[in-house]
Amino acid sequence: MNTYLQSFDTDWFKGRLTVTMFLVIAVFLVLILRVFYLQIIEGEKYRQLSQNNCIRLQAINAPRGVIYDRNGMLLVDNRPSFNLSIVLKDARPVEETVRKLAAYTGIPEEGFLETIAQEKATTPSYKPILLQQDIGRDILASVEVHQFDLPGVVVDSQPRRHYMHGNAAHVIGYLGEISPAELKSGQYPDARGGEFVGKFGVEKTAESVLRGKDGGRQVEVNAKGQVIQILKTVAATPGHNIHLTIDHDLQKTTEELLKDKVGAAVALSVDTGEILALASSPAFDQNVFVNGLSQDIWDGLISNPFRPMENKVIQGEYPPASTYKIVTALAGLQEGVIDENTTFFCPGYYRFGDRTFRCWRRGGHGTVKVVEALAVSCDVYFYQVGQRLGVDRLAEYARACGLGAPTSVQMGHESGGLIPTSEWKRRRFKVPWQKGETLSIAIGQGYNLVTPLQMAVLVSAVANGGTLYQPMILKSIAEAGSDTIHETDPVPVGQLPVSPENLELVRKGLWEVVNGKRGTARLARVEGIEILGKTGTAQIVSRKKNDQAWEKKLADHHKPHAWFVAYGKRENIGIGVAVIVEHGEHGSRTAAPIARDIIKAYLMEKDEHEAVAVQQ
């Protein structure tokens with residue numbers, strides 16, 4: 001029995017082994033036949049493919065979102081740009097290819113060779129080296145005609161920014177090549193070296209909205225780097241389009257009014273905080289940044305004494321001068337140190353301690369109340385209001401009016417200004433506050449610093465009944481080719497700390513500034529439009545004692561800055577404006593006419609649009 005079992009086990013094992021051997025032989029036979037087919041029968045074909053063709057990935061740049069004004073006027077678009085590159089692996093012999101390329105394009109050969117020498121150490125031979133950006137159509141046609149004579153030479157099309165009207169530079173901003181620090185920051189997760197990102201203005205602050213998502217394609221190329229076929233494509237996703245709050249026509253008007261001046265102007269909707277126009281002068285041309293800026297042009301911009309690269313509306317910090325008397329009047333009324341009937345006599349000066357503080361009007365203003373004091377901008381009146389309030393109480397009201405801190409407008413690099421207190425001076429200068437310094441603060445001089453945008457927010461709040469709004473520049477966001485996906489709502493950030501009755505008294509004073517017989521801004525009147533405002537003359541150097549002609553002797557760069565803040569209303573439409581002209585001397589003569597024309601242009605334009613709508 002045991003012998004039988006042993007014989008059975010041996011036969012079974014031999015059978016299994018035989019089957020296994022046949023299977024192994026069959027597998028090897030299939031492999032040998034397949035190798036024979038590939039190597040012998042199809043060998044020449046695959047040899048050619050391995051030598052001449054390879055698979056490469058090509059990026060498809062996403063179009064950046066376009067930018068419109070509030071009425072749908074296109075401000076920033078993308079245009080096709082053709083870039084000339086060379087792939088060293090495919091261009092051999094490189095020197096001969098470059099020589100031909102220079103001959104066909106008319107571009108000096110030395111420039112190509114210099115670029116290649118600089119980049120080849122850090123660029124793999126199978127990746128393109130950029131030789132020339134944004135080539136013209138003549139060069140493009142020449143390269144295409146001689147394509148088979150230029151192995152490794154590649155022309156690719158990319159969307160490139162185009163600033164349509166050459167204005168609103170400080171609002172829109174510009175693009176620039178991403179820096180190594182920005183790449184490492186993590187703020188641009190999908191960006192690659194050499195790409196352009198927003199560097200300034202809305203282009204920067206709305207980068208994540210405007211920037212699309214790049215796509216790519218997998219292509220097969222031959223030995224000359226020429227595409228044989230596209231194997232796979234992943235489409236790029238365009239960036240979102242945005243509508244700004246600015247009105248292009250008003251923006252253009254505002255910039256023209258500031259032409260040949262150094263200064264700034266900003267206009268807001270008093271009921272929403274939307275920025276209708278924002279101009280800083282001098283400005284710059286955004287289109288010069290599109291292809292990369294030469295060092296000479298950049299040095300010229302940053303060394304310009306008039307600071308064209310500074311957005312003076314949000315970055316310029318100036319003494320508010322007599323426009324600050326709005327704050328002093330509000331604080332004095334609300335704190336009860338004055339009322340509607342409180343009078344002070346102005347003989348043209350005010351003695352405090354051992355100092356004499358002069359009024360801007362040599363002969364004085366006589367006996368005045370708060371409304372008339374605002375109208376004639378009487379320094380002596382507000383010296384005494386400030387003295388009664390004290391610097392810390394005055395600072396409390398100024399901050400509650402939106403001064404001394406950034407407005408949080410969506411533009412970046414905003415300055416906060418300065419509202420001094422006794423504690424601030426102790427920390428900054430290690431000395432106590434002097435009571436006489438409060439008098440200068442009360443009329444907007446001394447350590448006070450504000451931005452034009454802060455003053456526009458304040459005067460707009462006076463206009464609308466006391467609500468401070470965060471200034472808005474972004475009105476809506478929409479996907480390319482679709483309906484709006486996000487509307488920006490007004491953001492109230494505070495309330496003027498005064499009663500309606502006291503606010504109305506200040507409004508009466510501002511009305512008298514423009515419309516009264518003794519008002520300092522009578523040049524700002526416009527028939528059919530109610531304009532209220534306040535002038536200011538911000539001194540750069542101190543007035544010399546007993547020298548009434550001191551301003552005439554000043555050098556231009558020491559002359560006072562000219563201020564005017566105002567608002568205009570017509571029916572249910574209101575616009576708040578702040579204008580400063582550096583070294584413009586008097587706000588009544590220099591800044592007030594600019595603000596007047598901005599208000600007039602906007603409100604008259606609204607009337608025209610409404611009339612057309614009615615006719616239709």
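Buried means under 20% relative accessible area, and Q286 easily meets that cut-off because its value is just 1%. Keep that in mind as you look through these close-ups of a predicted model.

**Figure 1. The whole chain, before we zoom in.** Here you can pick out 21 helices and 23 strands. Along the principal axes, the C-alpha atoms take up a box of roughly 135 × 80 × 65 Å. The radius of gyration is 36 Å, while a compact globule of 616 residues would come out near 25 Å. Out of those 616 residues, 48% count as buried. Take the contacts between residues at least 6 apart in sequence: 70% of them link residues at least 24 apart. As for the outside, about 30,500 Å² is exposed, and carbon and sulfur atoms provide 52% of that. There are 68 positive and 69 negative charges, and their mean positions sit 7 Å from each other.

**Figure 2. A look into the nonpolar cores.** In soluble globular proteins, nonpolar side chains tend to be buried together. The largest core in this chain holds 102 residues, and those with the most contacts inside it include I242, L244, C378 and W563. Helix α19, residues 452–464, gives this core its largest share, with 9 residues. A second core, separate from that one, has 31 residues, among them A277, A562, A592 and I594. Now focus on C378: beyond its neighbours within four places in sequence, its contacts are K325, C346, C359, W360, H365, V368 and A373.

**Figure 3. The loop between β12 and α11, home of Q286.** This loop joins strand β12 (275–281) to helix α11 (295–303), and V288 is part of it. Q286 belongs to the loop between β12 and α11 too. Is Q286 buried or exposed? Q286 is buried, at 1% relative accessible area. If you skip neighbours within four places in sequence, Q286 is in contact with Y163, G166, N167, A168, A169, I172, G173 and Y174. V288, on the other hand, counts as partly exposed because its relative accessibility is 33%. Y174 turns up again here: V288 and Y174 are 114 residues apart in sequence, yet their C-alpha atoms are 9.3 Å apart. P282 also lies in the loop between β12 and α11, and a cis peptide bond connects S281 to P282, with omega about 0°.

**Figure 4. Another cis bond, just before helix α3.** R92 and P93 are joined by a cis peptide bond whose omega is about -5°. P93 sits in the loop between β3 (74–86) and α3. V94 is found in helix α3, which covers residues 94–105. V94 counts as buried because its relative accessible area is 17%. Apart from residues up to four places away in sequence, V94 touches L88 and I116. For a sense of scale, V94 and M604 are 510 residues apart along the chain, with 65 Å between their C-alpha atoms.

**Figure 5. Two residues with a positive phi.** Most residues other than glycine have a negative phi, and most peptide bonds are trans. D260 is not a glycine, but its phi is positive, at about 70°. You'll find D260 in the loop between α10 (248–257) and β11 (263–269). A321, also not a glycine, has a positive phi near 55°. This residue, A321, lies in the loop between α12 (312–315) and α13 (325–335). Which way does each one go, buried or exposed? D260 is exposed, at 76% relative accessibility, whereas A321 is buried, at 0% relative accessible area.

Notes:
Residues are numbered from 1 along each chain as its sequence is written. Side-chain values use heavy atoms; hydrogens and water are left out. Helices (H or I, at least four residues) and strands (E, at least two) are DSSP runs, numbered from the N terminus. The radius of gyration is taken over C-alpha atoms; the globule rule is 2.2 Å times the number of residues to the power 0.38. Buried means under 20% relative accessible area, exposed over 50%, partly exposed in between (1.4 Å probe, protein chains only). Contact means heavy atoms within 4.5 Å. Accessible areas come from the Shrake-Rupley method with a 1.4 Å probe; for residues, only the protein chains shown count as cover. Lys and Arg count as positive and Asp and Glu as negative; His and the chain ends are not counted. The place of a charge is taken as NZ of Lys, CZ of Arg, CG of Asp or CD of Glu. A nonpolar core is a set of buried Ala, Val, Leu, Ile, Met, Phe, Trp, Tyr and Cys residues joined through side-chain atoms within 4.5 Å.
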